[in-house]
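Subject: Handing over a structure, with notes

Dear colleague,

I am passing a structure on to you, and I would be glad if you could look at it before reading my notes. The notes come after it, so that you can check each point against the picture.

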Amino acid sequence: MSKTLLNGVNDMLTRVGIVDANGTLSSLTNAGKQLFIDLSVQVWNETVDEVCNMMGIPHIAETGSSTITLVTSTREYALPSNLVQIRWPLIDQTNGRYIDEYPGGYQQMRVDQQIPADWTGMPYYAVINPTTGYLRMETAPESTENGNAYDLFYDKDLVMDTYDDTFPFSDATYRALLPVVTEGWERRKRNDFDIEEYRKHLSRALAFANKVNRRSHW
Amino acid sequence: MVGKVAPRTTIASNESEIKLRFGGGMNTRASSDEIDERECADGINFDLDLGNTQFRPRKPFDLVATTANAGRINGYAQLIKTDGTVTTLIQAAGVVYQVTDWDTFVQVGTCSTSARLRGHRWHIWNLDDVVLISDLAGVEQVLQWDGTTLSTLYHNLAGSFIAKYIYVEDERAYYANCISNGTSTPHVIVGSERSDYTVLDTGTRPASTLNDADAFFLPMPDLKPINGIAGAFGVIAISTKRGQMFQLTGNTSKDYAIDSLFYGSYADGDESMVSSGNDIVYGRQGRLESLKATNDYGDVETNDLSVKISNSIETYEDWRMVYSSRHQRVYCQPGDQTLMWVFHKPLADSGISPWMKWTTTHDLAMNPTTMWTMIDPEDGLEYLYGGDATGNIYRFEGSGTSGDGGTDTIVANRTSKMYSAPGLSQMFDLQGAVKFRPVTGETTDLNITVQWQGETSFDVSANITLALAESGAVFGGSDYYGDGSAFGSHLAGRLARERFTIPGQGNEIQFYLESTGTSMFQINEIYCGFRAAG
């Protein structure tokens, strides 16, 4: 995972013939080529998202963790700004408790709790309040639960926007993705897209990204 | 001035290729997408040829001699006798030398160090085989040189007689901007007696009471100093400084008169007017004009010789103009500027620009102390010459192989017309080849910079080494296939090719070509293929 976003942009722009070995970029800012650079960054990010989505399981560097600490009478808690989705449950690794996703979601919680203030005590479920974006507990903790810390494991936003951001892949995956992003770039700038090339190399990249040998038998 | 250029058979631009040809001069005024394919939007030190559309550097100027006193080169005179004998004088500071070849300088006289002696071809009085020598600075009396002796003009007037300009025609010598016996009359032209350039009259105007051959004088109607006199298309034209253009009319001393030719000529500079064979070219503030065109069509911009470079010279004044009939070029040097604009007459009226801009890294700086054309004392050909403040004399369009003055490499460059991809599409995958003809030298570096433009704007350069005529044997001997000198035949006169690839993408492109060196080559064509989409 030593390849940076700047490597990715340079390699892509070299492959499409915008720069050559003598003219590679030293930053992601270049007045004359900014359109090409911005599109390159965009395509790389789209492709990284696509690979991670297609893999299903959390990928290296794709996840993050944080801590939610219960506070007496506080039902909603701020979530990390780079959170994309929570990997349930939240786990209190001191007391062995956990908080799972509220069945039915936020709307069901509203229906179930006609008088929310009546719901107090140890929370076992939580849901994201779509209005506030906060994590809303099933119950308002009391003094007994105050200070209980739950580990929050989540998929984070993998956006790469600075030159030294590294790709969340091995170099082999990175190399396999180069033809993929090239097709994505050329589709937008040159009305040129080779679907076979795109699929072939995306499959190759996914195979490398899984870090698991292909099955030889079932 | 009428010229025909080679047909542009290979100029083409379409979605898949561009074939760059050259042969035109600078057109800095028009939008770069509107100029002719053979013109350039900018450039220096390239050469033009009516019958050839190659890009090639101008020839260097040669250091031909240094005067014994290393004095400032301030003047010259050349006598071409009726028998064809040519003798040449060079004024270096306060000394006048005769030059028979560029190795031998024989002092034949002295003069004021501030004098600026001129003995042009139109100063030659062939009845007696002498050249009359004026002084642009107005300090030395009129001199004459008969091929052996330099002497003060013997004349019939009292006291001294100084003239800044002289013009000889029909057995009369016309002296202009005169100082007679200490009285300065810069607005006066004095006509000698017919058949005798020594008999003058500063007190008698043409009149019916005079004999046909009598001497006379005439003042300029606007009373401004005369700053040029030249003849062409049957007219003797006289210019006054930042004033008007007049013509001398009449046939005898009974009816000579000064008539207006162009009211607003406004010629600037002491040597800003020159005959170019069938026309008179003169420089004014920010413009260079053709007198014939103005005479025929009036003061309209389309007749300006400098119409295609007008934005590049709009602040220049005090022009020095020199014409070489052998090269058919007018060399235009704006006062105190370190460059020279060169008008290639055969391309006038061809529709493409006849203008070249010459610069140099040499100390001469394209701003000689004196510049003139004359017959070379050695080879008998006409050249442009320039001098400097330390006695050096340079011959332009020379034959040296070591650059300007024998020391300085020549940087030649051109920026092409702008080419556009069709519609909203962009060009990319640009690959090309330089088709060139080696002339002299071993190698030269050619820099090709593609200036991508449109939605994006950036430059990409490629350096190509062109192996030239003296790059060595191709096969055989110690050279073998693949040692770097083996590929391609670079024999003089043969066409050679070098390929290149330029990365980038854009809606429009311009090509900037630059060569630096002392070698001579000709680029016939630059071919570029590309894809376009978007």
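What follows is a walk through the two chains, from one residue of chain A to the contact between the chains.

Please keep in mind throughout that this is a predicted model.

**Around A:Tyr102**

A useful place to begin is A:Tyr102, which you will find in the loop that runs between strand β5 (97-101) and helix α3 (105-112) of chain A. Is this residue buried or exposed? It counts as buried, because 21 C-beta neighbours lie inside 10 Å, and the cut-off for that label is 20 or more. If residues up to four places away in sequence are left out, A:Tyr102 touches A:Gln108, A:Met109, A:Tyr125, A:Ala126, A:Val127 and A:Glu138. By contrast, A:Tyr150 is 48 residues away from A:Tyr102 along the chain, and the C-alpha atoms of the two are separated by 16 Å.

**The strands beside this residue**

As background, the strands of a sheet pair through backbone hydrogen bonds, and the pairing is either parallel or antiparallel. In chain A, β5 pairs with strand β6 (residues 125-128) in the parallel sense, over two bridges, and A:Asp100 has A:Tyr125 in β6(A) as its bridge partner. On the other hand, β6(A) pairs with strand β7 (residues 135-137) in the antiparallel sense, over three bridges, and here A:Ala126 stands opposite A:Met137 of β7(A). These two strands, β6(A) and β7(A), form a hairpin with six residues between them, and in its turn A:Gly133 has a positive phi of about 80°. It may help to recall that A:Tyr125 and A:Ala126 are among the residues that A:Tyr102 touches.

**Chain B as a whole**

Chain B has two helices and 39 strands, and its C-alpha atoms fill a box of roughly 85 × 55 × 35 Å along the principal axes. A compact globule of 534 residues would have a radius of gyration near 24 Å, and the 26 Å of chain B agrees with that. Buried residues make up 51% of the 534 residues in this chain. If we take the contacts in chain B between residues at least 6 apart in sequence, 60% of them join residues at least 24 apart.

The domain assignment splits out domain 1 (12-53 + 412-533) and domain 2 (68-319) of chain B, whose C-alpha centres lie 45 Å apart. Their contact takes four residues from domain 1 and five residues from domain 2, and the domain 1 side consists, by class, of one nonpolar, two polar and one charged residues.

**A sheet in chain B**

One open sheet of three strands in chain B has the order β22-β23-β24, with antiparallel pairing. Its edge strands are β22 (273-275) and β24 (287-290), each of which pairs on one side only, and neighbouring strands are turned by 20° against each other on average, direction ignored. Between β22(B) and strand β23 (residues 280-284) there are three bridges, and B:Met273 has B:Tyr282 in β23(B) as its bridge partner.

**Where the chains meet**

The contact between the chains takes 13 residues from chain A and 12 residues from chain B. On the side of chain A, helices α2 (34-55) and α4 (171-190) each supply at least two residues, and by class this side has four nonpolar, four polar and five charged residues.

With best wishes

Note on methods:
Residues are numbered from 1 along each chain as its sequence is written. Chains are lettered from A and ligands numbered from 1 in the order in which they are written. This is a predicted model: local features need pLDDT of at least 70, side-chain atom pairs count only at pLDDT 80 or more; totals for chains, interfaces and linings use all residues. Helices (H or I, at least four residues) and strands (E, at least two) are DSSP runs, numbered from the N terminus. A residue is buried if 20 or more other C-beta atoms lie within 10 Å of its own, exposed if 12 or fewer, and partly exposed in between; C-beta atoms are placed from the backbone. Two residues are in contact if their C-beta atoms, placed from the backbone, lie within 7 Å. The radius of gyration is taken over C-alpha atoms; the globule rule is 2.2 Å times the number of residues to the power 0.38. Two strands pair if DSSP finds at least two bridges between them. Domain bounds come from an automatic or database domain assignment. Ala, Val, Leu, Ile, Met, Phe, Trp, Tyr, Cys and Pro count as nonpolar, Asp, Glu, Lys and Arg as charged, and the others, Gly among them, as polar. Axes are lines fitted to C-alpha atoms, for helices over the stretch in contact, and angles run from 0 to 180 degrees between N-to-C directions.
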